[in-house]
Amino acid sequence: MADISAWALQQRAALGSGASFWTTKAVDGIPSIVLTDGPHGVRKQSGSATDHLGLGASEPATCFPPAVGLAQTWDPALVQRVGAALGDESRSLGVQVLLGPGVNIKRDPRCGRNFEYYSEDPLLAGTLGAAWVRGVQSRGVGASVKHFAVNNAEYDRMRASSDVDDRTLREIYLRAFEQVVREAQPWTVMCSYNRINGIYATENAWLLTDVLRDEWGFDGLVVSDWGAVRDRVAAVAAGLDLEMPSTGGVSDADVVAAVQTGALDDAVVTLAAQRVAQLVQRTTENPSESAPFDVDAHHRLAREAAAAAVVLLKNDGDLLPLAPSRLAVIGRFAQTPRYQGGGSSHVNPTRLDIPLDEIRRLAGPHEVTFVPGGSHPDAVADAVAAAQSADTAVLFLGLTAEEESEGFDREHIDLPDDQLRLLREIVAVQPRTVVILAHGGVVRLDAVAELAPAILDGALLGQAGGGGIADVLFGVVNPSGRLAETVPLRLQDTPAFLNFPSESGRTVYGERIFVGYRWYDARGLDVAFPFGHGLSYTRFDYSELQVDDDLAGLRVSVANIGDRVGREVVQAYAALPASDVSRPPRWLIGFAAVTLAPGDRRVVEIPVRRIDLAYWKDRWVVEGGDYRVSVGSSSRDLRLEATVHVEGDAVTRPFTGESTLGELLADPVAAPMVMAAVAEVMPAAGSTPGLGVDLLRMAASIPIERMVGFSGGTVSRAQLDELLAAINSQG
Ligand code: BGC
């Protein structure tokens, strides 16, 4: 690699900002590279019409299911294959860095960009994000995990501050990023537009340097979100390496001037330039001729992923899979599918499956009629007539692209009224009605669930969604998708309802760690469909749960007791009822899938990382105690339970005068020493039956140094310090 430290300051500064909307600068032998969106397809713009709003044209590329769909597969291996295909397409389109994955937590269903994110659960988001990165980077293309961090709303996203306490940050909002960085080593991280506790992400040294690099060991490049940099000098000082897009050299000059006046350390400019050079080297060191990608093979993969993403929410009377019958297909989305979201991730697909065509293809000789539906009385009447004269109605409902997108949030989560009216009229004449849903963010489903006997949730499925839906409808694929997000009964039940969006530039994360199912479970709220839910055309039986010592992993036997091959996603949750801190009633600690033929049984193994038991208190702490482990088919369909003791981490040392009597007594080394000292200065505490224990309990929250004053001169500060030194020296 070039010796960048010997370069002139101007050259080093120049390397740290873009040459154009999508490229870095070529400087002194370091070639320019192309970065582009992401995440579910390559949005490569050529020519002069460049934008990050999804407006201008881009070259054809496969539109895989957006993150909302991919997440519903709960299948890291499949996500990794999609990543690898995206890597191949990037190479063949001349792209060196693909801007994804988006691993922000879905805090509120109204966030306009939820379709680009995976889940309300950090372990699921982190596991899938890491798989995506591994796939893309296996092809020599860099990933850019985004938007770092706490970017959970679109409203005022370029200014608002996400105000979050430390524990919530670590356990919920930074967690998936940490997992992706530690497990998959992405070559770049994209810092977000927003502020975090008042400080812009781009200028946040704690975030970009202390946490990302020093704690997590990130060795790649930090790039700004497009236009996120307000003050390049402050950003470089905090740990930003590359500002995008180009500022026409203006911010390079700011950096040079700041070094010259001594306001910015010359060494950080070198470091940033070295990181750009390292990224260029990583993405160009295998300069093999990039072949055109295999459009057909990628479309097939997109179809496989789409079918795997479909969640069978409800299937009364085994209405699905469809038996050979006359079908009435109703709804515009059957002909003009809603399959991706609006904004920077918008892909120009290589082709597009039309659900109606795919349904006709699989329906064989059976009659399939189509009516678009709508709100006009004639359109409703046509739809009702078609439904009535068929054996089964298949009704497509959902949100249009205008109703949700990057750049703004929704104000409600309702499906359009006219769609619900249409559904009501149709089920009145046709009890065999299947609803198929398309939407980027969660929609309220209580009415649909009450009316329709069968519901398939497609969320957004990408360009081959039409084929994927037909495969599931006719049982070519047995559905195994699971919700990656709770479907609440009402918007008012959601965790951030009163704290969304920001107000006067601040978003208070008042619900703390209680996001998604953690919230609904803690509050005991009913939901329309719980996190992890998804039915199958077969049934599975769980038995013989075995949990390793210290909860290092678990095994459970799963049998297919139905009559079709099927894939079951086994989910494991933990709880610690006697925790010292507030914990959700359960949280996901692992998952694994198994595909079984009818009658087959297999032991499914789920490894558990110790860190997933921990909570954050200045550092990760695993509490000792009896953990309750439950496994099942969803967060509210738990089949087996066990209790296992976990040895806790050693209590924090050293103890100080601020440590409480309770903390000292909880420590096996400190407790006897403290008790001996107490007995010496306060014989009554030990000698009065009953009273001693109560006294200690009452005093548990008193910092030990206050005992000096309370002792009325019996204990001196010097004696206390001696005791603490003796305890701390025990190691
Ligand atoms: C988005 C990013 C995207 C970038 C480049 C921004 O508006 O937030 O996700 O990668 O534009 O298009």
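Student: What makes the radius of gyration of this chain agree with a compact globule?

Tutor: The model is predicted. For 731 residues, a compact globule would have a radius of gyration near 27 Å. The chain has 28 Å, so the two agree. Along its principal axes, the C-alpha trace spans about 95 × 70 × 50 Å.

Student: How many helices and strands does the chain have?

Tutor: There are 23 helices and 26 strands.

Student: What share of the residues is called buried, and on what ground?

Tutor: Buried residues make up 60% of the 731. The label needs a relative accessible area under 20%. The chain exposes about 27,100 Å², and carbon and sulfur atoms supply 52% of that area.

Student: What share of the contacts joins residues 24 or more positions apart?

Tutor: Among contacts with a separation of 6 or more, 76% are of that kind. A contact here means heavy atoms within 4.5 Å.

Student: How far apart are the mean positions of the positive and negative charges?

Tutor: They are 2 Å apart. The chain carries 64 positive and 93 negative charges.

Student: Why is helix H16 called largely enclosed?

Tutor: Count its residues. Nine of the nine in 465-473 are buried, so the rest of the structure largely encloses H16. Among them are Gly465, Ile469, Val472 and Leu473.

Student: Which elements do the buried residues of H16 pack against?

Tutor: Two helices and three strands: H11 (295-309), H12 (355-363), E12 (392-398), E13 (433-438) and E14 (454-457). Glycine 475 follows H16, with a positive phi near 80°.

Student: What makes strand E21 mostly covered?

Tutor: Eight of its ten residues, in the run 587-596, are buried. Its partner is strand E20 (566-575).

Student: How do you know that E20 and E21 pair?

Tutor: Pairing needs at least two bridges. E20 and E21 have nine, in the antiparallel sense. Glycine 566 stands opposite leucine 596 of E21.

Student: Why is glutamine 185 called partly exposed?

Tutor: Set its value against the cut-offs. Buried is under 20%, exposed is over 50%, and partly exposed lies in between. Glutamine 185 has 43% relative accessibility, so it counts as partly exposed. This residue sits in the loop between helix H6 (175-184) and strand E5 (188-191). Its phi is positive, near 40°, though it is a residue other than glycine.

Student: Why does glutamine 11 count as partly exposed?

Tutor: Its relative accessible area is 26%, so the cut-offs of 20% and 50% place glutamine 11 in between. Glutamine 11 belongs to helix H1.

Student: Which residues does glutamine 11 touch, leaving out those up to four places away in sequence?

Tutor: Val27 and Asp28. Threonine 270 is 259 residues away along the chain, yet its C-alpha atom is 9.7 Å from that of glutamine 11.

Student: What is the phi of aspartate 28, and where does the residue lie?

Tutor: Phi is positive, about 45°, and the residue is not a glycine. Aspartate 28 lies in the loop between H1 (9-15) and E1.

Student: What is the omega of the cis peptide bond between aspartate 37 and glycine 38?

Tutor: Omega is about 0°. Glycine 38 is in the loop between strand E1 (35-37) and helix H2 (67-71).

Student: Which residues does the cis bond with omega of about 15° join?

Tutor: Phenylalanine 148 and alanine 149. Alanine 149 has its place in the loop between strand E3 (142-148) and strand E4 (161-163).

Conventions:
Residues numbered from 1 in each chain as written. Predicted model: local features only at pLDDT ≥ 70, side-chain atom pairs only at ≥ 80, totals over all residues. Heavy atoms only, no water. Helix = DSSP H or I, 4+ residues; strand = E, 2+ residues; numbered from the N terminus. Rg over C-alpha atoms; globule rule 2.2 N^0.38 Å. Buried < 20%, exposed > 50% of the residue type's maximum accessible area, 1.4 Å probe, protein only. Areas by Shrake-Rupley, 256 points an atom, 1.4 Å probe, with all protein chains shown as cover. Lys, Arg positive; Asp, Glu negative; His and termini not counted. Charge placed at Lys NZ, Arg CZ, Asp CG, Glu CD.
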